[in-house]
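Work through the exercises below with the model open. Each task is followed by a worked solution.

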Amino acid sequence: MSPAALQAETVRPDIAELVADVFQYDSPLTHTTSPNEIERWDSLKHIELIKALEDDFEISMTMDEMMEIRCVGDIERVLERYGV
Amino acid sequence: MAGKASAATGPPLRDGHTELPGTTPGSVEVLDALIEASPVLWRNQALLSAADWEVASPAQVARLLQRLASARVKLPKWLARTLAAAGHVLPDQPSQAIEDEVRLLSELNRDASKDQSPVTAVHCVETARRLTELAACGRLSAEIARSAAGRLEAAGMMEDACRLALAAWPSAPQALRHVRAHLRGFAADFPAVRVRVAGLSTTRPFAEALFPAFASHGHRIDATEADFATVISELLQPARSIDALMVLLDPISVLETSWAGGAAEAEQARTSRFAQLVDGIESHCRSSSVPLILNTLPCLTEPEMGYVDASDPSGSAATIRRFNGMLCDLAARYKKLRIVDADFAMASIAPRDRFDRRLWFYGRIAYSSHANEALARAFTSARLADKVAPSIKVVALDFDNTLWGGVYGDDGVEKLDCGDEPPGNAFKAVQNECLRLKAQGKILVAMSKNNPDAISVFGRHPGMLLRADDFTATAINWEPKPDNLRRLAGELNLGLDSIMFLDDSPHERDAMRRMCPEVYVPEVPADTSERALWLRSLQRTWTTGITAEDAARAKMYAAEREAHALREKASSYEDYLAQLAQVLELEVLGHATLPRVAQLHQRTNQFNLTTRRFDEADLAAFLAQPETARVYLARVRDRFGDHGITVAAVVRLAGAGASIESFVMSCRVIARSIETAFLGAVIEDLMSLGVDTVTADYLPTPKNRIVEDFYPSHGFQSCSTAGDGATWIWRKATSQVPHSNFVNVKWSRP
């Protein structure tokens, strides 16, 4: 596996910490972790997640981006767009 | 601090000449380079505080401080704050002026850990308590609050973390995230309040914010949510076993209408929704005993009718005004309806930030999360206002630089600032607010370190609004203020927790907080122009309605002090009571006396046998069922004046048995045998209804020890004890009817 691919397997630690905090979820996270695994990740908790991301990374997402986030990997992709 | 971490490697470092080549994001090398350059960089706050100091080692922090010191640069306040928030320990050097909150956090960083020794644990709890105190009076910054809550949580000090995060919540909502998982456990033993939540939009974010709001008042909310947008059917449901129904209203859904059918149809749709809501509210108020709390509509930020939005009847601003007017008319008619003013509740949030359009389209959530939290706090205070912290009855006022600008002892009367010109007009405005508080039933007392002649300033300076006789009592001397305040509280027969102390000096405030922790000591704004309006924002002084007694209270306390003087002169206590010529005028509760009797139940702490805080809605329910309950009240008059309604009791009736559910008496008339006369008159009335056995509870609190022996000393026999409390019983066959020789009892039947 190339170093880049290896790196892609691990979730950014700051995002992992935030996700674990918001959903009170202790198991390890991968990029494909989604509401399928995280039971608490319902539509209202999703709003809390967005709020936490906006507070911590000092960004403001659009509604489309809110809806685009369907798994942990999506979070990284959206944040990358903001350069944070 | 994740945002900061990445910001450190973001634009600032890659910009032109500040670029540091060969570094990886957030690495120690970046920090090393910054530390090395700190004597030059220290003025660049944006650059230094953007670095990820959380990953710095203690050695790096020590080197930073040493680099700055050797360049003779004083550690900047913001850098101290950044380091402490990142978890570092700051040196304990008296030469460095470090802010209170930063020093306390630094101590936590040093001491708080999972395996702390018992001695350190005690110290940590104390540090957490002081941080919480700062948070409670709004002096803890969001950054420090969040970091401290996280530190306590990591050290396993969950209760302390919860207390701190709750106290800081209004200004630092993020601090709560650290403790969210522990909040339910923290509040598990708090008294529960059952609340039903309904609204025209999604209410869950609001309902969730109610939990911390109730927890910060020492209560645990047990909330159930109505199905989506079923507010009308909720209002029409008959009585249920809940303690309150909260209806969250928002301008988006209340005003929502379709323009497809033209203007007339759009208007028609709104009008019929308003009518439905008003009908629902009215029918709830008429048929249910459950208190109903709802909010006014806050202003919208985009007009529907352009330039004429405020004046055209179908404009959104005009419509909101009309709707709010209807709500307030209803509140004037129905006691169990309480209105939360949404614009006041969300005053610290810019109108546009009160709504989150994304959430509206995503999940029909009208308000932004900050707005939902602010509303949840306001609904909670509206529900609990009279059940928790006792309301303020006395305002103790400092003179110099509080009621006027300047120092009387140094400057003399002429030079003091108070009048129509700045800066004196700010002090005049403060005096006017003090007069407002007095008009609303608070007692003003003077509390100044001055020679006693300082009171003459009010008569001699032309700009003063207050007069010497506006003060019911004075302590103008050089004694410590806490000693003076204790003495005055004794003379006025009032608890310290009903006193608010206003002083511009942080030193005097701290001394008062330390020596008299029960006294309410708010942080007076340093900017004098802030103070007058700030006085209106102090919730502990808010009233739930002005009664005739409020308006006359200052006079009554003056009479109380005259009576105090008579007692000094009288040859014996009996002689004094006889000279007082007391008259007790009894009656049964009616609608007119309901507010005052509710107020007595809420305010009285000392002469209160059960501390059951019956409110207006509870009393209205008793009034509606005369066959099962009777509420007695009485006015007291003596040679010095009318004390108004000062004693009341709620009695439940069941055939030949009766039980006294509450017995409250204002401390103004304590120790005058009034309680004996009242109890006797109540028992006589009960006997005329066929009652032969009366049971009564004494439920102890830290404040009502003075009535511990009230029932046994009035012919009641012990019936049972449970915990600290006791139930007493009076039997017609074996007990005497209590009687007082010093009180003339009269009945007035409405």
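**Exercise 1.** Is Phe663(B) buried or exposed?

*Solution.* Start with the ground rules. This is a predicted model, where local features need pLDDT of at least 70, side-chain atom pairs count only at pLDDT 80 or more, and totals for chains, interfaces and linings use all residues. Residues are numbered from 1 along each chain as its sequence is written, chains are lettered from A and ligands numbered from 1 in the order in which they are written, and side-chain values use heavy atoms, leaving out hydrogens and water.

Step 1: fix the classes. Buried means under 20% relative accessible area, exposed over 50%, and partly exposed in between (1.4 Å probe, protein chains only).
Step 2: apply them. Phe663(B) has a relative accessible area of 1%, so the residue is buried.

**Exercise 2.** Classify the ring pair of Phe663(B) and Phe678(B), and place both residues in the chain.

*Solution.* Step 1: recall the descriptors. A pair of aromatic rings is described by the distance of the centres and the angle of the planes.
Step 2: set the cut-offs. Rings of Phe, Tyr and Trp (its six-membered ring) pair if their centres lie within 6.5 Å; planes under 30 degrees apart count as stacked, over 60 as edge-to-face and the rest as tilted.
Step 3: count. The whole structure holds 19 aromatic pairs over all chains. In one of them, Phe186(B) and Phe190(B) have ring centres 5.5 Å apart and planes at 80°, so this pair is edge-to-face.
Step 4: classify. Phe663(B) and Phe678(B) are also a pair, with 5.5 Å centre to centre and 90° between the planes: edge-to-face.
Step 5: place them. Phe663(B) is in strand E13 (residues 657-665) and Phe678(B) is in helix H30 (residues 674-688), 15 residues apart in chain B. Helices (H or I, at least four residues) and strands (E, at least two) are DSSP runs, numbered from the N terminus.
Step 6: check burial. Phe678(B) has 0% relative accessibility, so it counts as buried.
Step 7: widen the view. Ring pairs join Phe663(B) and Phe678(B) with Phe607(B), Phe710(B), Tyr711(B) and Phe716(B) in a cluster.

**Exercise 3.** Which residue lies over the face of Trp169(B)?

*Solution.* Step 1: define the geometry. A charge sits over a ring if NZ of Lys or CZ of Arg is within 6 Å of the ring centre and within 35 degrees of the ring normal.
Step 2: read the case. Arg377(B) lies over Trp169(B), 4.6 Å from the ring centre.
Step 3: add another. The charged end of Arg184(B) is over the ring of Phe211(B), at 4.0 Å from its centre.

**Exercise 4.** How many residues has the largest nonpolar core?

*Solution.* Step 1: define it. A nonpolar core is a set of buried Ala, Val, Leu, Ile, Met, Phe, Trp, Tyr and Cys residues joined through side-chain atoms within 4.5 Å.
Step 2: read the size. The largest core has 87 residues, and Trp53(B) and Leu210(B) have the most contacts inside it.
Step 3: assign domains. At least three residues come from each of domain 1 (2-168) and domain 2 (187-384) of chain B. These bounds come from an automatic or database domain assignment.
Step 4: look elsewhere. Another core, apart from this one, has 59 residues, including Cys516(B) and Tyr711(B).

**Exercise 5.** Where is Ile729(B), and what does it contact?

*Solution.* Step 1: locate. Ile729(B) is in strand E16 of chain B. Gly725(B) also belongs to strand E16 (residues 725-731).
Step 2: check burial. Ile729(B) has 9% relative accessibility, so it counts as buried.
Step 3: list contacts (heavy atoms within 4.5 Å). Beyond four places in sequence, the partners of Ile729(B) include Thr693(B), Phe716(B) and Cys719(B).
Step 4: compare separations. Ile729(B) and Thr693(B) are 36 residues apart in sequence, with C-alpha atoms 7.0 Å apart.

**Exercise 6.** Which residues does a cis peptide bond join?

*Solution.* Step 1: find the bond. Pro422(B) and Pro423(B) are joined by it, with omega about 0°.
Step 2: locate. Pro423(B) is in the loop between helix H20 (408-411) and helix H21 (424-439) of chain B.
Step 3: check another backbone feature. Ser673(B), not a glycine, has a positive phi of about 75°. Its place is the loop between E13 and H30 of chain B.
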